[in-house]
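Colleague: I should be grateful for a close look at a single part of this model. Please describe how its strands are paired and what can be found on the surface there.

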Amino acid sequence: MSGKKEVKTVMEKIVEDVAILEKLETDQVTQFSELALNFLQTGANKKMYKSAAKHIGASVEEVGRCIMGISKLLINGIRRKLVSRMSFGAFMDKVGVPETAAAALAAFFVKNREAIFLCVSQLSMQLPRFQNLDWRLDIEVSRRMAHNVFQPNFMFKLDTIDSQQKSQYMQVDMKTVKFLREQLKAALQESDSVHQKRVTKYVR
């Protein structure tokens, strides 16, 4: 008969992920915090993770989990509206972050609170939601000065909603339609990325 599997809370998992901070010097904890802020701003920097892992004798996976854990702690600090080194330090003590690392994290949080707040605000801001798209294809088959000239144009009606529904009308040619398609494809891939999913989960 197998034993019951222990289920860890989100905070317990975060503390487990940042456990390697306990053996780091204060300036190294600060460097890891800078990597965490960079992660929130632009995503994971695997090259820097590899360098950090080699420097402290850990695996790249351990460093990556630690950076992700720190970023979650910074996000939680903003969500809890912590503003001082003392309040963030108390939060670190409550969740069980090692004392020396907690002090360095608190100092970094207070110094960079505005940048962290901006990251969280940008990630959590509500944009107008898509409602409907109607389109019509118009083709000019000839002109007075030229025959057999086909120039397709699309007429779009885009409906979105935030506080109220809005409709926008656009006329675009085929070249622009192809460009928009590629941009939308890239945006969908970005929204489906591991980085976006992980960070958004802790912002909402």
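Modeller: The following account treats the strands in turn and then one residue outside them. Please bear in mind that the model is predicted.

Strand β1 covers residues 129-140, and strand β2 covers residues 151-161. These two strands run antiparallel and are joined by eleven bridges. One pair of facing residues shows the register: D134 is placed opposite K157 in β2.

Strand β2 is also joined to strand β3, which comprises residues 165-173. Here nine bridges link the two strands, and their direction is again antiparallel. Within this pairing, F154 stands opposite V172 in β3. Strand β2 thus has bridges to β1 and to β3.

We may now return to β1, the strand in which W135 is found. W135 has a relative accessible area of 56% and is therefore exposed, since the cut-off for that class is over 50%. Together with L137 and I139, W135 forms a nonpolar patch on the surface. The accessible area of these three residues together is about 330 Å². As a general rule, side chains in a regular strand alternate between the two faces of the sheet.

Outside the strands, K81 also deserves attention. K81 belongs to the loop between α4 (60-79) and α5 (85-95). Its phi is near 60°, a positive value in a residue other than glycine. Most residues other than glycine have a negative phi. K81 is exposed, because its relative accessible area of 68% lies over the 50% cut-off.

Note on methods: Residues numbered from 1 in each chain as written. Predicted model: local features only at pLDDT ≥ 70, side-chain atom pairs only at ≥ 80, totals over all residues. Heavy atoms only, no water. Pairing = 2+ DSSP bridges. Helix = DSSP H or I, 4+ residues; strand = E, 2+ residues; numbered from the N terminus. Patch = residues over 30% accessible without salt bridge, like charges linked within 9 Å, V, L, I, M, F, W, Y side chains within 5 Å. Areas by Shrake-Rupley, 256 points an atom, 1.4 Å probe, with all protein chains shown as cover. Salt bridge = Lys/Arg side-chain N within 4 Å of Asp/Glu carboxyl O. Buried < 20%, exposed > 50% of the residue type's maximum accessible area, 1.4 Å probe, protein only.
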